[in-house]
Amino acid sequence: MRFLPGHQPPYDLTYDDIFLVPNRTDVASRFDVDLASVDGTGTTIPLVVANMTAVAGRRMAETVARRGGLVVLPQDLPIPAAAETIAWVKSRSLTADTPVVLDPGQSVSDAVALMHKRAHGAVVVVDGAGKPVGVVTEAACADVDRFARLAEVASTDFVQAPVTASPRDIFDRLAAAHAQLAVLTADDGTLAGVMTRTGAIRAGIYTPAVDAAGALRVAAAVGINGDVAAKARALADAGADVLVIDTAHGHQAKMLESLRAVAELDLGVPLVAGNVVSAEGTRDLAEAGATIVKVGVGPGAMCTTRMMTGVGRPQFSAVAECAAAARELGVHVWADGGVRHPRDVALALAAGASNVMIGSWFAGTYESPGDLRVDRDGNAYKESFGMASKRAVAARTAADSGFDRARKALFEEGISSSRMRLDPERPGVEDLIDHITSGVRSACTYAGARSLPEFHDRAVLGVQSAAGFAEGRPLPAGW
């Protein structure tokens with residue numbers, strides 16, 4: 001990475017301050033670009049979903065890993081629940097999506113309540129032997145008594161294919177039937193999953209993030225309080241592929257002590273620690289045992305740390321400095337926060353990040369854990385909240401005494417509730433992954449890079465004014 005002559009100012013920069021200069025290239029296609037990380041996490045696209053309770057659930061973990069990314073389960077999740085989630089994610093198909101499943105005797109209201117837990121918008125009805133007997137869509141539930149049984153409204157004329165069928169074959173079957181969803185079955189006829197037309201196309205574009213046994217990857221986080229080493233060992237024993245030791249201020253003695261204790265266990269998985277924003281913080285975490293350092297204080301959409309305390313650092317400069325220090329030590333950094341557009345992901349990678357963390361941006365998707373709600377104007381949304389907010393602190397301190405909970409509640413630094421609208425054009429997390437990776441692939445081709453390390457090496461950057469950033473934005477519809 002280098003700046004244009006005269007373009008490195010004596011102050012720190014955000015992503016909005018930066019632009020990429022196109023280079024001469026011989027990369028003919030976006031699909032010639034390899035987006036796999038080189039930090040040992042096994043991601044084949046450089047996206048990690050942050051360990052936020054309102055974002056990182058098992059549906060998110062399954063879906064993102066199938067497309068090559070990684071989800072970090074929240075540190076507030078009890079160890080038994082985390083172990084159950086890890087096992088569930090690892091049992092999922094690498095190609096077929098997991099549908100919402102109900103039996104014929106359940107009601108239309110059951111289907112309506114659960115249908116939007118998945119982006120494909122359907123419920124598969126199975127018999128007592130686990131074999132699919134019908135498909136229920138939102139349209140089938142319109143103007144129907146909510147107490148009606150699913151057997152009365154389910155379509156029995158649905159596309160069915162063996163789970164071993166190729167994505168191209170499934171796409172062709174769907175196209176021939178003018179249908180959007182195929183029900184996939186195992187050799188014994190039981191339900192194995194579903195696949196949409198778009199899912200069939202994605203299966204030929206993305207490479208799942210898998211472990212040595214060929215199962216989907218998933219990460220898990222722990223805080224720095226309590227017996228951190230015991231928690232980390234339990235999560236590793238449960239099958240977590242990456243461990244994240246996470247606290248808002250990562251450059252502190254308690255973090256270094258916890259990190260050393262976990263590193264000494266030699267659990268055989270990448271160890272991520274943070275957050276920091278300086279070369280000194282990066283070096284201290286690396287020396288304590290981190291193989292990946294998480295960078296970012298205050299840039300998150302749900303974070304009020306900078307407005308409350310004045311503490312933080314513009315994210316582009318933080319990532320660039322920490323990545324340079326990490327490279328000298330043979331470790332890597334994740335850019336955590338401040339990402340609102342695909343361009344921001346590309347710029348974080350240009351600055352030297354090996355993966356980019358996404359939080360609130362993915363909260364407004366079908367796959368996030370929250371319930372889908374609709375406002376008075378008919379807009380679908382989900383609620384999100386920051387992990388230092390009163391709501392998150394209350395959940396994290398539920399086992400404390402009433403006095404201790406009340407005292408900790410005075411020190412919130414995040415938004416407790418925010419409506420994250422589902423984008424009608426990109427309501428599923430896979431839609432956003434398409435959007436982001438398309439931008440990153442294009443950025444690499446403009447830079448003349450076929451891989452992420454090459455992208456960092458070849459990136460040429462310039463600094464722009466606020467007017468320069470505004471010039472690059474498309475005009476609003478109807479202007």
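**Close-up 1. Surroundings of Val-297 in the predicted model.** Leaving aside its neighbours within four places in sequence, Val-297 is in contact with Ala-248, Asn-275, Val-277, Thr-305, Arg-306, Val-311, Gly-312 and Arg-313. The structure shown here and in the views that follow is a predicted model. Val-297 sits in the loop between β14 (292-295) and α11 (305-309), and with a relative accessible area of 13% it counts as buried, because the cut-off for that term is under 20%.

**Close-up 2. Gly-298 and Cys-303 in the loop between β14 and α11.** Gly-298 belongs to the loop between β14 and α11, and Cys-303 has its place in the loop between β14 and α11 as well. When residues up to four places away in sequence are not counted, Gly-298 touches Cys-303, Thr-305 and Arg-306. Gly-298 is buried, its relative accessible area being 16%, whereas Cys-303, at a relative accessible area of 29%, is partly exposed. For Cys-303, the unreviewed UniProt entry carries the feature "active site".

**Close-up 3. Residues that UniProt lists under "binding site".** The unreviewed UniProt entry gives Asp-246, Thr-247, Ala-248, Gly-296, Val-297 and Gly-298 for this feature. Although these residues are spread over 53 residues of sequence, they cluster in space, and the largest C-alpha distance is 14.3 Å. Two of the listed residues were met in the views above: Val-297, which has Ala-248 among its contacts, and Gly-298, which has Cys-303 among its contacts.

**Close-up 4. Gln-315 in helix α12.** Gln-315 lies in helix α12, which covers residues 315-329, and at 3% relative accessibility this residue counts as buried. Its contacts, leaving aside neighbours within four places in sequence, are with Leu-13, Thr-14, Tyr-15, Val-295, Gly-296, Pro-299, Arg-306, Ala-335, Asp-336 and Gly-337. Among them, Gly-296 is one of the residues that UniProt lists for "binding site" in the unreviewed entry, and Arg-306 also appears among the contacts of Val-297. From C-alpha to C-alpha, Gln-315 and Leu-184 are 44 Å apart in space, and in sequence they are 131 residues apart.

**Close-up 5. The open sheet of β8, β9 and β10, with helix α6.** Three strands form this open sheet in the order β8-β9-β10, and their pairing is mixed. The edge strands, each of which pairs on one side only, are β8 (159-162) and β10. Direction ignored, neighbouring strands of the sheet are turned by 30° against each other on average. Strands β8 and β9 pair in the parallel sense over 4 bridges, and Pro-162 stands opposite Thr-185 in β9. Strand β9 (residues 181-185) and strand β10 (residues 191-196), by contrast, pair in the antiparallel sense over 5 bridges, with Leu-191 in β10 as the bridge partner of Thr-185. These two strands, β9 and β10, form a hairpin with 5 residues between them, and Gly-189 in the turn has a positive phi of about 90°. Helix α6 (residues 167-177) lies across β8, β9 and β10, and runs at about 165° to β8.

**Close-up 6. Strand β20 and its pairing with β1 and β2.** In a regular strand the side chains alternate between the two faces of the sheet. In strand β20 (residues 460-463), Val-460 and Gly-462 point one way and Leu-461 and Val-463 the other way, and all are buried. Strand β1 (residues 2-3) runs parallel to β20 and is joined to β20 by 2 bridges, the bridge partner of Arg-2 in β20 being Val-460. Strand β2 (residues 18-20) runs antiparallel to β20 and is joined to β20 by 3 bridges, and here Ile-18 stands opposite Val-463 in β20.

**Close-up 7. Packing of helix α1 with helix α16.** Two packed helices are described by the angle between their axes and the distance between the axes. For helix α1 (residues 58-66) and helix α16 (residues 429-447), the angle is about 35° and the axes are 10 Å apart. The crossing in which α1 passes α16 is right-handed. Met-60, Thr-63 and Val-64 of α1 make the contact with Val-429, Glu-430 and Ile-433 of α16. By character, the residues of this contact of α1 with α16 divide into 4 nonpolar, 1 polar and 1 charged.

Terms used. Residues are numbered from 1 along each chain as its sequence is written. This is a predicted model: local features need pLDDT of at least 70, side-chain atom pairs count only at pLDDT 80 or more; totals for chains, interfaces and linings use all residues. Side-chain values use heavy atoms; hydrogens and water are left out. Axes are lines fitted to C-alpha atoms, for helices over the stretch in contact, and angles run from 0 to 180 degrees between N-to-C directions. A crossing is left-handed if the near helix is turned anticlockwise from the far one by less than a right angle, and right-handed if clockwise. Contact means heavy atoms within 4.5 Å. Ala, Val, Leu, Ile, Met, Phe, Trp, Tyr, Cys and Pro count as nonpolar, Asp, Glu, Lys and Arg as charged, and the others, Gly among them, as polar. Buried means under 20% relative accessible area, exposed over 50%, partly exposed in between (1.4 Å probe, protein chains only). Two strands pair if DSSP finds at least two bridges between them. UniProt positions are given in the numbering used here, feature names are shortened, and annotations may be inferred rather than shown by experiment.
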